[in-house]
Amino acid sequence: MKISIDAALRNGWTRMMTTLFRPFDFLKWLAIGFAAFLASLGRSKGFNFNFPSGGDFGSGDTCGGAKAFESWFFSNMWPIILFGLGIGLVVFAVVLLVVWLSSRGQFVFISQLLTNKADIREPWVKYGWLGDKLFLFRILFGLCVFLAVLLVLGAGVLLSFPYIKSGVFPMIFWMILIPTTLLLIAIALAGVIINAVLMDFVVPVMMKRETGVMQSFGTFRDEIFRGHLGDFVIFYLVKIGLSIAASVIMVLVTIFTCCLCLFMCIPILGWYVSAVIFLPISAFIRNYTLCFLEQFGDDWKLFTWKIHGDDPAPPPAPSHEEFPSAPAVQQEPEPSPEPPAI
C-alpha cells in the first residue's frame, strides 16, 4: 500500500477546518478545547532542576556555615523529614491526578475528532477503562525510566567520584564518563520514542480494537509498523517541523497578546485558555496523525464522518434500455391445412 504524507496533511487540515469552522459553533469549540486541555496536561510542561550558580564555594567562612547548618539540621531532623515527606506525597498525588486526567482526556479528544461531535460525557464513560489502563502503563513506564536513569547516573557518579574529589582526571575517568553519558542519552531517547508512539498510534489502536496497552503495541507492530519504517521516519520528521512551527506561533501570540499573558499567571486557567485559543493547531496535528493511520487499510478507518472527496461517487450503472430493442412482430398463426377433397 502507498502511504502519502501529503494526503495525511491535506485531510488533517480539511477535517480540522470542517470540525471547528464549518459551521463555527462557540460552545462546540469550548467543549473540544476542554478535551484538548485535558489531553495536554503534563505534556507541555517539563521538570526543571535549578542548581545554585554564581556562588564562590572557595571563599568565605564555608566551614563555619556548614557546621552551623549541620547543627541546625540534626536538631530539627524529624520535623524536616516529616515536612519533606508531606510535600513529596502532595506532589506525587498531584502528578497522579494530572496523568490520570490526561490519559482519559486523550480518548475524549480523539473521540470528538473522529465523530465531529463535542460530547464529553459519553467518551469519558465509554473509554474510561481504556484511559485507566493507559494511566497505569504511563505511571509504571515513567517509574522504570526514572529508575534506569537513577541506576546509570548513580553508578557513574560512584565510579568517578574519587577522581572528581581529587581533581585529577586520568583516562579511566573519561572511560567512565563517556559511556555513562551515552547510556543516559539512549534511555532518554528510547523513552521519548516509546511515549510518542504510545500517544500517536497505540491510543487510537486501543480505541479501535478495545484492547490494553501491551496488546495494542503488538497490534501496531504487526499490522501497521512492520515494513513501513521509512514512512514513519518521514512522518515524525514532518511532525517535528509542525511542532516547531506551532511552538513559534504560540510563543509569538502569547507575547503579543496581553490578555493571554495575564491568564498565564494562573497556571490551570492559563493552560485551558491556551488550549482553547490554539485549538486549531492541536486539532490539526492530531488529525494529521489519525489520517496517516487510516492509510494502512480498511481495518484502520477511524473517522465516522466523511469529508468532501473522501469517496468519489460510483459511476452510474449501465441501463439496459440504452439501446431499445425493436418492437416484437406478432406472427399470425399459420392456417391449418384443409382436408383433402373427396
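1. Start with a stretch to handle gently: over residues 44-59, pLDDT stays under 50, and the model has two contacts beyond four places in sequence for this stretch. This is a predicted model, and that makes such stretches worth finding early. Residues 319-329 also have pLDDT under 50 throughout, with zero contacts beyond four places in sequence. Where pLDDT is low, the predicted coordinates should not be read in detail. For the protein chain, the mean pLDDT is 82, and 77% of the residues reach 70 or more.

2. Now for the general layout. How many helices and strands does the protein chain have? The count is twelve helices and zero strands, so read from the N terminus the elements run α-α-α-α-α-α-α-α-α-α-α-α. Of the contacts in the chain with a separation of 6 or more, 75% are between residues 24 or more positions apart. As you turn the model, you can follow how parts separated in sequence are brought into contact in this way.

3. A word on the inside and the outside. Of the 342 residues in the protein chain, 32% are buried. The accessible surface comes to about 22,800 Å², and carbon and sulfur atoms hold 71% of that area.

4. Please look next at the largest nonpolar core, which has 37 residues. Which of them touch the most other members? They are F107, L198, F201, I224 and F292. Two or more residues come from each of α1 (5-21), α4 (77-115), α6 (128-166), α7 (171-209), α8 (213-225), α9 (229-256) and α12 (279-293). The helix that gives the most is α7, with nine residues. There is also a second, separate core of 17 residues, with A35, A39, V108 and F284 among them.

5. I224 is a good residue to click on. Setting aside neighbours within four places in sequence, I224 is in contact with V205, T219, F232, L293, F296 and W300. I224 is also among the residues that touch the most other members of the largest nonpolar core, and it appears in the list of buried residues of α8.

6. Helix α8 deserves its own point. What is the distance between its end C-alpha atoms? They are only 16 Å apart, although α8 has 13 residues and a straight helix would reach 18 Å at 1.5 Å a residue. The buried residues of α8 are V213, S216, F217, G218, T219, F220 and I224. After α8 comes G227, which has a positive phi near 85°.

7. The structure holds seven salt bridges. Side chains of opposite charge can pair when their charged atoms come close. One of the bridges joins the side chains of D6 and R10, at 2.9 Å from N to O. Why can these two residues be about one helical turn apart? The reason is that D6 and R10 are four residues apart in helix α1. An α-helix has 3.6 residues a turn, so residues three or four places apart point the same way. Both partners are partly exposed: D6 has a relative accessible area of 45%, and R10 has 47%.

8. Compare that pair with the bridge between D200 and K239, where the closest N and O atoms are 2.5 Å apart. D200 lies in helix α7 and K239 in helix α9, so this pair ties together parts that are 39 residues apart in sequence. Are these partners buried or exposed? D200 is buried at 4% relative accessible area, and K239 is buried at 14%.

9. D200 has another partner, R286, with the closest N and O atoms 4.0 Å apart. R286 lies in helix α12 while D200 is in helix α7, so the pair ties together parts that are 86 residues apart in sequence. R286 is buried too, with a relative accessible area of 8%. Through shared partners, the salt bridges join D200, K239 and R286 into one network.

10. Finally, try one distance yourself. V95 sits in helix α4, and its relative accessibility of 31% makes it partly exposed. V95 and L41 are 54 residues apart in sequence, and their C-alpha atoms are 10.0 Å apart in space.

Methods
Residues numbered from 1 in each chain as written. Predicted model: local features only at pLDDT ≥ 70, side-chain atom pairs only at ≥ 80, totals over all residues. Heavy atoms only, no water. Core = buried A, V, L, I, M, F, W, Y, C linked by side-chain atoms within 4.5 Å. Buried < 20%, exposed > 50% of the residue type's maximum accessible area, 1.4 Å probe, protein only. Contact = heavy atoms within 4.5 Å. Expected span 1.5 Å × (residues − 1). pLDDT = per-residue confidence, 0-100. Areas by Shrake-Rupley, 256 points an atom, 1.4 Å probe, with all protein chains shown as cover.
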